[in-house]
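Colleague: I'm new to this one and would like a close look at a single part of chain A, a loop and the helices on either side of it. Could you walk me through it slowly, and then show me a bit of the surroundings?

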Amino acid sequence: MVKATLKFARVRIIATCYALVFLGSAVAGQITWKTWLAFIAIAAFTVHANSINDYADRKIDEINLKDSFDRPLVTGDISNTQFWLIHIGSGLVTLLVSVLYGLGGFLITLGILFIDYIYSLRPIRVTDRTLASPLLLAAAYVYYSFLLGFWASSHGSYPWLLSVALFLGFLARLLLKDYRDVKGDKEHGKITFLIRYGSAATCIFSGVFWLAAMLLVGFTTSFSVGLVTALALGVLLVFLWLKELAVTTDFAEQQVLVAVIAKAANFAIVAILAFYLCAHQPNLSGSEVQVIPGVIGVSLLVYTWLYRLSLTQRHVKTAR
Amino acid sequence: MAKNKVNAFALLLVLALTLAVIVKYRFLWPVLLFVALSFVPAKLVKK
């Protein structure tokens, strides 16, 4: 049952959300014990959200993801009883931890857990709504994570512009997640953005959101040279990869491109985190605050570009 | 580029960041944490 719980956890999503928690705390001014504790809330919330989504989507997943390691309902790794124990238990854990973030934290958590149900279950089932689905998902993941992190350190003025930027970045990324699920989604009549508007439009919108996110982050950080350089490089790389994604029909190549774009997005969050950590250090010089996030961001993006090249070469060798 | 060269680059990045954190920029430890986590291979995560 522990293994199944971990499979519902979707570790990569938790890591991204937790990076947003840390970013929230960094923006607020300091990392506290509540920043660490938020990991439990994030992990439990993710299990809660993914478990009910997997339950609702199990027929679709039986087509799309029958060989996937992270769908215990499809693989039969857990019984119905175990499933509900995991699902309800994770919800309770999230609520219990949220109490430590004040009444606001508890109420927001209650709202987030409710969103899990309206997202996946009928009669509303937002996941079936072409536009509402990515909007709600991005809002839930970004605002909850970032807010927990911010409230872990401060209850001051909330950085709305930055959170909108992060939301747009997440939205840009979420538009691409459906490349993996096209076959099953079509068979079950789930009209995702990708299915409705096609690959080219999906990539264009994703690109626009990436650019908007970058510009907003730049604005909120007073266009700090180092950070903006790194983010601009990131957007440029993402644009190139989106251009490829828009035209490729090879499923494996699509997954490679979506994966490297997600990696670039994660590294952008890390670069922004570096900026705010530097910005709150009284002993750092102005040039260090500018340079350090830039060096970190650019290095990580160079790695992502090299990583993409290595995947392409491997794919070409396999095809031969 | 060969996979082992990319992995070597990743290791270099983590080492450089670790050195920076130890020597002068201790406050960057969350960055080191998430960079190191992001380099954990997908196969390990799946296990």
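Modeller: Before the loop, a word on names: helices here are DSSP runs (H or I) of at least four residues, and they are numbered from the N terminus. Keep in mind, too, that this is a predicted model.

Let's start in the loop between α7 and α8 of chain A, which is where you'll find A:P123. The peptide bond leading into this proline from A:R122 is cis, and its omega is near 10 degrees. The loop between α7 and α8 of chain A also holds A:R125. Look at its backbone: phi of A:R125 is near 45 degrees, a positive value in a residue that isn't glycine. Is A:R125 buried or exposed? It is buried, because its relative accessible area of 5% falls under the 20% cut-off.

Now step back into the helix before the loop. α7 of chain A covers residues 102-120, and its axis comes within 9 Å of the axis of α3(A), with a crossing of roughly 15 degrees. That angle is under 35 degrees, so α3(A) and α7(A) count as roughly parallel. The crossing is right-handed. On the α3(A) side, the contact uses A:F45, A:H48, A:A49, A:I52, A:N53 and A:A56, and these meet A:I112, A:L113, A:D116, A:Y117, A:Y119 and A:S120 of α7(A). By class, that gives eight nonpolar residues, three polar and one charged.

On the other side of the loop is α8 of chain A, residues 132-151, which packs with α9 of chain A, residues 160-174, at an angle of about 135 degrees and with the axes 9 Å apart. That makes α8(A) oblique to α9(A). This crossing is right-handed as well. Among the residues that meet here are A:Y141, A:Y143 and A:F146 from α8(A), and A:W160, A:F167 and A:F170 from α9(A). The contact of α8(A) with α9(A) has 17 nonpolar residues, one polar and no charged ones.

Let's follow α3(A) outwards for a moment. There are 27 aromatic pairs over all chains. One of them is A:W36 with B:W29, a stacked pair whose centres are 5.3 Å apart and whose planes differ by 5 degrees. This pair crosses between chains: A:W36 sits in α3 of chain A, residues 33-56, and B:W29 in α2 of chain B, residues 29-38. With 43% relative accessibility, A:W36 counts as partly exposed, and so does B:W29 at 31%. Both tryptophans belong to one aromatic cluster, which also takes in A:Y18, A:F22, A:F39 and B:F34.

Two more loops of chain A are worth a glance. A:S222 lies in the loop between α11 and α12 and has a positive phi of about 55 degrees, although it isn't a glycine. What is its relative accessible area, and is it buried or exposed? A:S222 has 63%, so it is exposed.

A:G189 is in the loop between α10 and α11 of chain A. It is partly exposed, with a relative accessible area of 48%. Its C-alpha atom is 8.5 Å from that of A:D128, although the two are 61 residues apart along the chain.

Conventions:
Residues are numbered from 1 along each chain as its sequence is written. Chains are lettered from A and ligands numbered from 1 in the order in which they are written. This is a predicted model: local features need pLDDT of at least 70, side-chain atom pairs count only at pLDDT 80 or more; totals for chains, interfaces and linings use all residues. Side-chain values use heavy atoms; hydrogens and water are left out. Axes are lines fitted to C-alpha atoms, for helices over the stretch in contact, and angles run from 0 to 180 degrees between N-to-C directions. Angles under 35 degrees count as roughly parallel, over 145 as roughly antiparallel, 65 to 115 as roughly perpendicular and the rest as oblique. A crossing is left-handed if the near helix is turned anticlockwise from the far one by less than a right angle, and right-handed if clockwise. Contact means heavy atoms within 4.5 Å. Ala, Val, Leu, Ile, Met, Phe, Trp, Tyr, Cys and Pro count as nonpolar, Asp, Glu, Lys and Arg as charged, and the others, Gly among them, as polar. Rings of Phe, Tyr and Trp (its six-membered ring) pair if their centres lie within 6.5 Å; planes under 30 degrees apart count as stacked, over 60 as edge-to-face and the rest as tilted. Buried means under 20% relative accessible area, exposed over 50%, partly exposed in between (1.4 Å probe, protein chains only).
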